[in-house]
Amino acid sequence: MFDFDNTERTNLEEIGEFGLIDYISKAVELNEKSTIKGIGDDAAVLDFEGKRTLVSTDLLLEGIHFDLRYVPLKHLGYKAVQVNLSDIYAMNGIASQITFSIGLSSRFPLEAVEEIYQGALIACKKYHVDLVGGDTSASAQGLVISVTSIGYADADTIVYRNGAQEGDLLCVSGDLGAAYMGLQLLEREKKIYLENPSVQPDLEGKDYIVERQLKPEARKDIIELFAKLAVKPTAMMDVSDGLASEILHICKQSDKGCRLYEEKIPLDQMTYDTGREFGIDPTVAALNGGEDYELLFTVAQSDHDKIKNQPDISIIGYITPASEGCEMISKSGNVYPITAQGWNAFKKKN
């Protein structure tokens, strides 16, 4: 395993790319029975015994997706894995392997790479996933991380985005908006620090929302709960770009409309209080904030009794004909069209 008690700085050029790969591979353990061959050949070899294979890839770029002035490298490695596993669970699948690729400049020593991979391997161990390969490269544009997640499911258990039916219940796991509020808090403290480096960050009492931003958890437990309850969602996706955006994706691909009730959107008290402190409507944070990595899904009304008393599932609305549009009923009873104002990967940054 990695030597995290080592306080020395080892330049990557001293060991080279293949030396780095060898160094990383020595820390990787393979535990999944579907993994036949991991790191060390031209490709990994997997065997899913006739099940459908699921594959998803995410790219994380320094300055776009994360800021190393407040994101610890170990947390970054952990989060990079989680956001990928979430895509597999959003298909009602089981994640089993990942590949983990990094591009980095000479400003990063070997010890920094260790921190990133330690976080990734902690996530792999927690979620019973094998790291089976990847790539390493020099980068002139800062740190780049690309993770590909691999999983499997029976053909009749996979859930797509396009299966919502009229009358289906619109549901979400966990609570929303916390990651966005955590980001606002971290950005505020960064600004204060840049203006006065002697001032220490003030994050006291805000642990939950900071952790939701820096160390999200993919909802494997919800997929396990579906199996336990014998519930198969009719449509599903993870909440990475904000609740509003994801609702519109499901409705568009299912050719349906919906009614969303503002009062039913689950908000943690810390998210609510911090939103008020920052002058941000907590509902707006939930609708447009993103990075919650909860699961948004629809279920048939016949499954209502199975999910109604589950503490980690909220019923927030229902599916309607496409002709009725996608609308939110506010707490005051007013009706508003749902619009997506969340993450835009290609929006010009100031």
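Here are legends for a handful of close-up views of this predicted model.

**View A. The two domains and the contact between them.**
The protein chain splits into domain 1, covering 32–153, and domain 2, covering 168–337. Their C-alpha centres sit 25 Å apart, and the contact draws on 21 residues from domain 1 and 21 residues from domain 2. Put together, domain 1 and domain 2 bury about 1900 Å² between them, with 60% of that on carbon and sulfur atoms. On the domain 1 side, look for Tyr70, Lys79 and Tyr89: these lose the most area to domain 2, and together they make up 32% of what that side buries.

**View B. Salt bridges, starting at the domain interface.**
Across the interface of domain 1 and domain 2, the rule picks out three salt bridges, while the structure as a whole holds 21. As background, side chains of opposite charge can pair when their charged atoms come close. One pair to zoom in on is lysine 79 with glutamate 291, whose side chains meet in a salt bridge at 2.9 Å, N to O.

**View C. Aspartate 67 and lysine 190.**
Here the closest N and O atoms of the salt bridge are 2.9 Å apart. Aspartate 67 belongs to the loop between strand 3 (52–61) and helix 2 (73–89), and lysine 190 belongs to helix 4, so this pair ties together parts that are 123 residues apart in sequence.

**View D. Helix 4 against helix 5.**
Two packed helices are described by the angle between their axes and the distance between the axes. For helix 4 (residues 178–195) and helix 5 (residues 207–214), that comes to an angle of about 100 degrees, with the axes 7 Å apart. An angle from 65 to 115 degrees counts as roughly perpendicular, so helix 4 is roughly perpendicular to helix 5. Helix 4 brings Ala178, Ala179, Met181, Gly182, Leu183, Leu185 and Leu186 to the contact; helix 5 answers with Tyr208, Ile209, Val210, Arg212, Gln213 and Leu214. By class, the residues of this contact are 10 nonpolar, two polar and one charged.

**View E. Helix 5 against helix 8.**
Helix 5 also packs with helix 8 (residues 269–278), at an angle of about 95 degrees and with the axes 9 Å apart. That makes helix 5 roughly perpendicular to helix 8. From helix 5 come Asp207, Tyr208 and Ile209, and they meet Met270, Thr271 and Thr274 in helix 8. Sorted by class, this contact has three nonpolar, two polar and one charged residues. Tyr208 and Ile209 turn up in the contact with helix 4 and in the contact with helix 8.

Conventions: Residues are numbered from 1 along each chain as its sequence is written. This is a predicted model: local features need pLDDT of at least 70, side-chain atom pairs count only at pLDDT 80 or more; totals for chains, interfaces and linings use all residues. Side-chain values use heavy atoms; hydrogens and water are left out. Axes are lines fitted to C-alpha atoms, for helices over the stretch in contact, and angles run from 0 to 180 degrees between N-to-C directions. Helices (H or I, at least four residues) and strands (E, at least two) are DSSP runs, numbered from the N terminus. Angles under 35 degrees count as roughly parallel, over 145 as roughly antiparallel, 65 to 115 as roughly perpendicular and the rest as oblique. Contact means heavy atoms within 4.5 Å. Ala, Val, Leu, Ile, Met, Phe, Trp, Tyr, Cys and Pro count as nonpolar, Asp, Glu, Lys and Arg as charged, and the others, Gly among them, as polar. Domain bounds come from an automatic or database domain assignment. Buried area is the accessible area (1.4 Å probe) that two parts lose on being put together, summed over both. A salt bridge is a side-chain nitrogen of Lys or Arg within 4 Å of a carboxyl oxygen of Asp or Glu.
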